[in-house]
Amino acid sequence: MKLSVQLYSLRDAGDLDTQLAMARAAGFKWVESVASHGLPPEEFADKVAAHGLRVSSMHVSLALVENDLQTVIDTCHATDCRLAIVPWLPMGERPSTAIGWQAVGARLAAIGNQLNNEGLRLAYHNHDFEFHLYSGRTALDWIFSTARPQQLGWEADLGWVARAGLDPMATIAPYADRLVAIHTKDIAEPGTAPDEDGWCALGQGIVPWPALLADLQKRVSLFVLEHDKPTDHAAMLKTSFDFLHQHLIAN
């Protein structure tokens, strides 16, 4: 079982060395990067290793994998990371029709094929907008309709699933064969944590994480902490890591 943290959560905590040191101090052995954080692949790999960390997975923009896939491949190989994840579609790139979302899935499938040839895998990470309906089906469903599981896995962000008003386990069920990772993110009690955009440390909010983790650890081995806007990075990391470690048999 891998417990990882998405370094986007620490983007305001200091430079990359500071972020990596904070993650390790909290107990994490794995990080999920944002590509190579602007560094050459080997330099990035050396920096992560210097902090006693490994890269579990990396977020890569759709523009990057379509325009400079070789850099993604090189960074994955340099860090011994086998999973690249497209985490976000900018507002202007989100289709307004079912056919448009199918086309996104086909683009991702083509990239997934190229990564498969390198011994790597591509996945998609959701927010809440992928659960809007188009011709009676969600955008996420349309994306997956044109990409086989091996071409495109799913990093399920269950905080965003809950924010979309959906039941996490019921939402996962149709795509269980695609699950490659879980983003663990918690929602603060209504009316609290306005400075943190309504998010909170894991286990401190309203998402039923104890029950979810008990079930999910039978399905997937990578759990990635994310908090979009923490005000106390160190405290959030430690509280969340301890919660994950308590509920999972982890390394």
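Contact here means heavy atoms within 4.5 Å. Going by that, Trp 209 touches Leu 158, Ile 182, His 183, Thr 184, Lys 185, Asp 186, Leu 202, Leu 216 and Phe 243, leaving aside residues up to four places away in sequence.

A quick word on the model: it is predicted, so local features need pLDDT of at least 70 and side-chain atom pairs count only at pLDDT 80 or more, while totals for chains, interfaces and linings use all residues. Residues are numbered from 1 along each chain as its sequence is written, and side-chain values use heavy atoms, with hydrogens and water left out.

Now for strand β5, residues 121-125 (strands are DSSP E runs of at least two residues, helices H or I runs of at least four, numbered from the N terminus). Five of its five residues are buried, meaning under 20% relative accessible area with a 1.4 Å probe, protein chains only. Arg 121, Ala 123 and His 125 sit on one side, with Leu 122 and Tyr 124 on the other. In a regular strand, side chains alternate between the two faces of the sheet.

Here is who β5 pairs with (pairing takes at least two DSSP bridges):

| Partner of β5 | Sense | Bridges |
|---|---|---|
| β4 (residues 83-86) | parallel | four |
| β8 (residues 153-157) | parallel | three |

Ala 84 has Leu 122 as its bridge partner in β5, and Ala 123 stands opposite Gly 153 in β8.

Back to Trp 209: along with Ile 182, Trp 209 touches the most other members of the largest nonpolar core, which has 75 residues. Helix α5 (residues 98-116) gives the most to this core, seven residues.

Conventions:
Buried means under 20% relative accessible area, exposed over 50%, partly exposed in between (1.4 Å probe, protein chains only). A crossover is right-handed if, with the strands pointing away from the viewer, the path from the first strand over the helix to the second runs clockwise. A nonpolar core is a set of buried Ala, Val, Leu, Ile, Met, Phe, Trp, Tyr and Cys residues joined through side-chain atoms within 4.5 Å.
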